[in-house]
Amino acid sequence: MTAIRDDFKRAMGHLASGVVIVTTRDSAGEPRGMTATAVCSVSLEPPLVMACMGHESATHRAVESSGVFAINVLPAAARELAGRFSSRSDDKFADVRLTKGESGAPLLAVALAHCDCRVEQSVAAGDHTIFIGRVLSVHAPDEPNGPLIYFRGAYGSVAPVDADDRDRRGT
Ligand SMILES: Cc1cc2nc3c(=O)[nH]c(=O)nc-3n(C[C@H](O)[C@H](O)[C@H](O)COP(=O)(O)O)c2cc1C
């Protein structure tokens, strides 16, 4: 069991991912958040995204109780925040500039893009829950900063192989 667990983690580590901070608020209204890569878009009509969160996470508990979350896509320059928000610290938001989404979830000003969501469905999946959120609002300025990437256990950045070769779906 341990062997497949380690091999599974190593295999999935080859899937280079953008890094986000999933934010929400707890029952006292305080901001909560964690670093995540298990996040993706689900549907365009209606707009849905999913975030897959471990049961032991404080942010998971806060999403369950508040019923809202936001996806904050990190720029490469925010590597320190990715480390901070992957810890269990109670003080993750110190000096982090925030605004508030329509849902009431905190939004990180440093993010490349936000999706502010209300939980529409929660799916139990092993030791995680897949939260599917209805996107209430988005913010994605066309800025030049590149994304933070996670690949084989390390953070990095990415440059387009060919900027003229963009996906024509316009995403
Ligand atoms: C690069 C990276 C990606 C992560 N992705 C996820 C994820 O998608 N889902 C998850 O539950 N935990 C993920 N984690 C682990 C959480 O960030 C970590 O458990 C965190 O301490 C949870 O904080 P909390 O208990 O305050 O919510 C990731 C950690 C790192 C470093």
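Here is a chat about the predicted model above, in questions and answers.

Visitor: Let's start with the big sheet. In what order do its seven strands stand?

Guide: This sheet is an open one, and its pairing is antiparallel. β3 and β4 stand at the edges with a single partner strand each, so one side of each has no neighbour in the sheet. Neighbouring strands are turned by 35° against each other on average, direction ignored. Reading across, the order is β3-β2-β6-β9-β10-β5-β4.

Visitor: How many bridges pair β5 with β10?

Guide: The two strands pair in the antiparallel sense. As one example, Ala51 has Phe131 in β10 as its bridge partner. The total for this pair is seven bridges.

Visitor: And on the other side, how many residues lie between β4 and β5 in their hairpin?

Guide: β4 and β5 pair antiparallel over four bridges, and Cys40 stands opposite Met50 in β5. The loop between these strands is home to Pro46, which is joined to Glu45 by a cis peptide bond with omega of about 5°. Most peptide bonds are trans. As for the hairpin, the number of residues between β4 and β5 is four.

Visitor: There's a helix lying over that sheet, α2. At about what angle does α2 run to β2?

Guide: α2 lies across β2, β3, β5, β6, β9 and β10. Its buried residues pack against those strands. Relative to β2, the helix runs at about 50°.

Visitor: Why do the buried residues of α2 sit on the same side?

Guide: The buried ones are Thr59, His60, Ala62 and Val63. An α-helix has 3.6 residues a turn, so residues three or four places apart point the same way. The four buried residues of α2 are on the same side because the arc they cover around the axis is only 165°.

Visitor: Now the ligand. Which elements each give at least two residues to the shell around the ligand?

Guide: The ligand has 16 residues around it, and those that come nearest are Ala36, Ala38, Gly54, Ser57 and Thr59. By type, the shell divides into eight nonpolar, seven polar and one charged. The elements that each supply at least two are β3, β5 and α2.

Visitor: Is Ser27 buried or exposed?

Guide: Ser27 lies in the loop between β2 and β3. Its C-alpha atom is 6.9 Å from that of Ala62, although they are 35 residues apart along the chain. A residue counts as exposed if 12 or fewer other C-beta atoms lie within 10 Å of its own. Ser27 has 9 such atoms, so the label is exposed.

Visitor: What is unusual about Asp95, and what is its phi?

Guide: Asp95 is in the loop between α3 and β7, and it counts as exposed, with 5 C-beta neighbours inside 10 Å. Most residues other than glycine have a negative phi. Asp95 is not a glycine, yet its phi is positive, at about 65°.

Visitor: Last one: in the sheet of three strands, which strands stand at the edges?

Guide: This open sheet has the order β1-β11-β12, with antiparallel pairing. Three bridges join β11 to β12, and Ile149 stands opposite Gly156 in β12. In the loop between β11 and β12 you'll find Arg152, another non-glycine with a positive phi, near 50°. Each edge strand has a single partner, so one side of each is left without a neighbour: these are β1 and β12.

Key. Residues are numbered from 1 along each chain as its sequence is written. This is a predicted model: local features need pLDDT of at least 70, side-chain atom pairs count only at pLDDT 80 or more; totals for chains, interfaces and linings use all residues. A residue is near a molecule or strand if its C-beta atom, placed from the backbone, lies within 6 Å of it. Ala, Val, Leu, Ile, Met, Phe, Trp, Tyr, Cys and Pro count as nonpolar, Asp, Glu, Lys and Arg as charged, and the others, Gly among them, as polar. Two strands pair if DSSP finds at least two bridges between them. Axes are lines fitted to C-alpha atoms, for helices over the stretch in contact, and angles run from 0 to 180 degrees between N-to-C directions. Two residues are in contact if their C-beta atoms, placed from the backbone, lie within 7 Å. A residue is buried if 20 or more other C-beta atoms lie within 10 Å of its own, exposed if 12 or fewer, and partly exposed in between; C-beta atoms are placed from the backbone. The arc is that of the directions from the helix axis to the C-beta atoms.
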